[in-house]
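User: I would like to go through this model term by term. Please set each value against its definition.

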Amino acid sequence: MALNVLMVGATKGIGRAVARRLAARGDRLHLVGRNLDDLAKCAEDLRARMPAGARVTISHGDLEQPGTFDHVVQDASDALGGFDTVVITAGLFATQPDLEQDLAFTQRMLTVNFANTVLFCEHVRRYLLARGRGTLCVLSSVAGDRGRKPVVLYGASKAGLSAYLEGLDHRYRAAGLTTICVKPGFVRTGMTQGLPDPPFAADPDEVAAVAIAAIDRGTPLVYAPGIWRLVMLLIRHLPRFVMRKVGF
Amino acid sequence: MPQLGAVAVNTNTTHRLSGWGRVPIVPGYEVRSENLDAITRDVPLTRGLGRAYGDAALPAPGDLRVAGSVLADRILAFDSAGGLLTAEAGLSLDELYRALLPKGWFTPVTPGTRFVTVGGMVAADVHGKNHHVDGCFGRHVVSLRLRVADGRIVHCSREEHPDLFLATLGGMGLTGHILDVTFRLARVSSPWIYQEVERVPDIDAYMDALKTSAKSWPMTVGWIDCLSKGASMGRGVLLKGRWAEPHEAKQGFPTLGAQIPVPFMFPNGVLGIPTVKAFNALYYRLPRPHRAVVHPAPYFYPLDVARDWHRVYGPRGFTQYQCVLPASGGHAAVRRFLELVTRGGGASFLCVIKDCGPEGDGMLSFPKEGTSIALDLAMRDDTQRLVDQMNECVIAEGGRIYLAKDALTRPEHFRAMESRLDRFLAVRRTWDPDGRIRSAQSVRLFGW
Ligand SMILES: Cc1cc2nc3c(=O)[nH]c(=O)nc-3n(C[C@H](O)[C@H](O)[C@H](O)COP(=O)(O)OP(=O)(O)OC[C@H]3O[C@@H](n4cnc5c(N)ncnc54)[C@H](O)[C@@H]3O)c2cc1C
Ligand SMILES: NC(=O)c1ccc[n+]([C@@H]2O[C@H](COP(=O)([O-])OP(=O)(O)OC[C@H]3O[C@@H](n4cnc5c(N)ncnc54)[C@H](OP(=O)(O)O)[C@@H]3O)[C@@H](O)[C@H]2O)c1
């Protein structure tokens, strides 16, 4: 059965790669984003990859405007004739030194990545539960797994998000809501452009493949690439005196 | 402060950039964004996937920042009836394969790796195994959206600013930043390839076989052993192919597998003469089915099986030398060139020989009617001298070299090969009087 998917963040990076894979296999997509012209170009890119006759639609939505989330969900539902899957890849990032120098951006980052993503998920949760069932897949990060020097602020936003997604899965799985938390390591996208590749750097398509497999199987937590599960297991168990010394 | 939609500026000046051969390696870094329009406003050069071997995609001395197109990779329009495609310059052939080959469309011309961008394919006016039939990529390009030196965005085609358009085909990024490319895809009869393989005992037989098969095969290419001397000089293997007819095709779609990584740098000299000799002898004798239906990826892109395969050449890197010798010189010219190479002990892992059809309309486009010869050369102390000697031979034969591969050619040699150069530089001067758009290669060869 083809999925009916609402996507936030499909214009770039990991979201673009997820959308392309879903489009190629014939799922129906509705893209929500901040810039309608840009969304229209993304939709055209996806149309070229879709089976003949498949549709992709777009509408405006901004994670910095929580007051509009009601409408965003309604517009997507109208466009798709109801949706059963939501994929949120939207997010903000900056390096720790940059964030420390710019509190205004830090506030936006914390708000978008945590508070507003959670609020958006709350709208979606109600919608999907009201329909009986559905899947919510959200991109968090390995940065949320342990407080670490290079990602103190960004990691905190993702730690909160991961905790929320885990709780949601525990609370609503039985009622029909499948919640999926995807934790990528370093991915070569615009978000990280200019930063040198650390070990296990991945391309967005690899992450997209992992996220879609999790959606298909209902796996509540996946690392992408999978090696990060092991790496973070180790890092989570390093003593604090070690974490104070090392640079990662 | 990096913000989405805006461009994070990387001020790390310790970064290095190189081409695929890793000769030369220069200071520089790439700025990447989905928004190619935004990042090309104030840089001297745009690069794609960095598969040019030498210094074509590197900043000139003193420049550091270049634009990287790879995130700008959307298909902007596709006409599924006629095959006309408009794409952002960073779209790779890898992505095009995944997106449109399942629908029966593919690029009409492909180089020997799928990790190239359409922008890079225009800038080098790339050619493939079907050059004798379909010409270069540029022949299939209808129009371009280009950011020129003064910052304006210009649409060009064979009708609109034809001088700019034709100078951009094969112009190695020196006329401006290619933003979008509109080109015609080819309809394929199936996504599989029908291939025939022929073993050929020496260079004359090889050249004859190439010529004969060109008449009935849309794609031909071959490999020869550059180390065998005397009677067996130029013994080789000729591959002939075409897209398989539906009734010949295998079941299902030929999906692309993951690449095998080359996880570390090999030591220098691993690909020295003994290794290459052994490889060449083995490759020549390797039993192969005479005819078979094969997967298009290993057919078009045999080297893409391994990721970062350039690491086997070691930290000193390597260079590729590719020239075309005009048809007028016949077999004798090819023989003279190969004698020079075998004498020079230019151990080449790969020596690829292919006949080229007539010259295209790209002003600096590489191929012309004759024989193209490509060699990979591990960097050694005498590599510059060998390249100089080969260039002198090419000049004497009336041939030319391929800029997408070049790192070592001297300016006076290039000028002696390229009668079209003045016309190209005049167009470049018209659109860029202050010489803002430039690369390490353009400064090396043209002084600006
Ligand atoms: C294994 C291998 C096999 C190859 N086989 C062939 C072959 O069979 N035939 C052939 O013709 N070539 C071949 N090549 C060469 C390759 O096709 C060209 O070098 C091509 O230009 C690489 O594309 P790229 O996207 O990597 O460009 P880059 O290497 O990044 O750039 C190459 C040139 O294009 C310019 N450029 C790139 N993008 C833009 C843009 N958007 N706007 C303006 N200028 C731009 C750069 O400035 C530079 O001058 C091969 C290369 C490799 C590594
Ligand atoms: N890249 C990594 O290394 C990495 C690692 C771990 C986790 N992640 C997480 O993975 C997710 C995707 O990352 P990425 O690398 O693909 O990022 P990206 O390339 O920067 O793309 C971010 C996407 O978020 C959208 N977006 C940003 N702010 C928005 C807002 N206010 N409203 C709506 N959409 C907004 C952007 O849309 P516009 O087109 O409008 O800008 C864009 O589509 C993020 O949650 C990120 O934190 C990334």
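What follows takes the domains, the chain contact, the ligands and some backbone details in turn.

User: What makes the numbering and the values here readable?

Analyst: This is a predicted model, in which local features need pLDDT of at least 70 and side-chain atom pairs count only at pLDDT 80 or more, while totals for chains, interfaces and linings use all residues. Residues are numbered from 1 along each chain as its sequence is written, chains are lettered from A and ligands numbered from 1 in the order in which they are written, and side-chain values use heavy atoms, with hydrogens and water left out.

User: How do you know where the domains of chain B begin and end?

Analyst: The bounds come from an automatic or database domain assignment. That assignment gives domain 1 (3-68), domain 2 (75-188) and domain 3 (193-410). The C-alpha centres of domain 2 of chain B and domain 3 of chain B are 24 Å apart.

User: What makes domain 2 of chain B and domain 3 of chain B count as being in contact?

Analyst: Contact means heavy atoms within 4.5 Å. By that rule, 32 residues of domain 2 of chain B are in contact with 35 residues of domain 3 of chain B. Buried area is the accessible area (1.4 Å probe) that two parts lose on being put together, summed over both. For this pair of domains it is about 2,900 Å², with 64% on carbon and sulfur atoms. On the domain 2 side, B:Y97, B:K129 and B:H132 lose the most area, together 28% of what that side buries.

User: Why is the pair B:D361 and B:R158 called a salt bridge?

Analyst: The term needs a side-chain nitrogen of Lys or Arg within 4 Å of a carboxyl oxygen of Asp or Glu. The side chains of B:D361 and B:R158 meet at 2.7 Å, N to O, so the pair qualifies. The rule finds 2 salt bridges across the interface of these two domains of chain B, domain 2 and domain 3.

User: Which helices supply the domain 2 side of that interface in chain B?

Analyst: Helices (H or I, at least four residues) and strands (E, at least two) are DSSP runs, numbered from the N terminus. In chain B, α2 (93-100), α4 (131-134) and α5 (162-168) each supply at least two residues of the side of domain 2 that touches domain 3. α2(B) gives the most to that side, with 4 residues.

User: How do you know how chain B and chain A meet?

Analyst: The contact takes 25 residues from chain B and 31 residues from chain A. The two chains bury about 2,300 Å² between them, 48% of it on carbon and sulfur atoms. Across this interface the rule finds 6 salt bridges. B:R74 forms a salt bridge with A:D38, with the closest N and O atoms 3.1 Å apart. On the side of chain B that touches chain A, β3 (29-32), β6 (75-78) and α2 each supply at least two residues. β6(B) gives the most, with 4 residues.

User: What makes a residue count as near ligand 2?

Analyst: One of its heavy atoms must lie within 4 Å of the molecule. Ligand 2 has 26 such residues around it, and the closest are A:T11, A:I14, A:Y154, A:V187 and A:T189. The ligand lies between chains A and B.

User: Why is the approach of A:Y154 to ligand 2 called a polar contact?

Analyst: A polar contact is a pair of N or O atoms within 3.5 Å; within protein, one must be able to donate a hydrogen and the other to accept it, and residues adjacent in sequence count only if both atoms are side-chain atoms. An oxygen atom of ligand 2 is 2.6 Å from an N or O atom in the side chain of A:Y154, so the distance fits. A polar backbone atom of A:I14 is 2.7 Å from an oxygen atom of ligand 2. A nitrogen atom of ligand 2 is 2.9 Å from a polar backbone atom of A:L63.

User: What surrounds ligand 1?

Analyst: Ligand 1 is surrounded by 33 residues; the closest are B:G48, B:R51, B:A52, B:T117 and B:Y402. An oxygen atom of ligand 1 is 2.7 Å from a polar backbone atom of B:R51. An oxygen atom of ligand 1 is also 2.7 Å from an N or O atom in the side chain of B:T117.

User: What makes the backbone worth a check?

Analyst: Most residues other than glycine have a negative phi, and most peptide bonds are trans. A cis peptide bond joins B:V23 and B:P24, with omega about -5°. B:P24 sits in the loop between β1 (16-18) and β2 (25-27) of chain B. Another cis peptide bond joins A:A224 and A:P225, with omega about -10°. B:D125 has phi near 40°, a positive value in a residue other than glycine.
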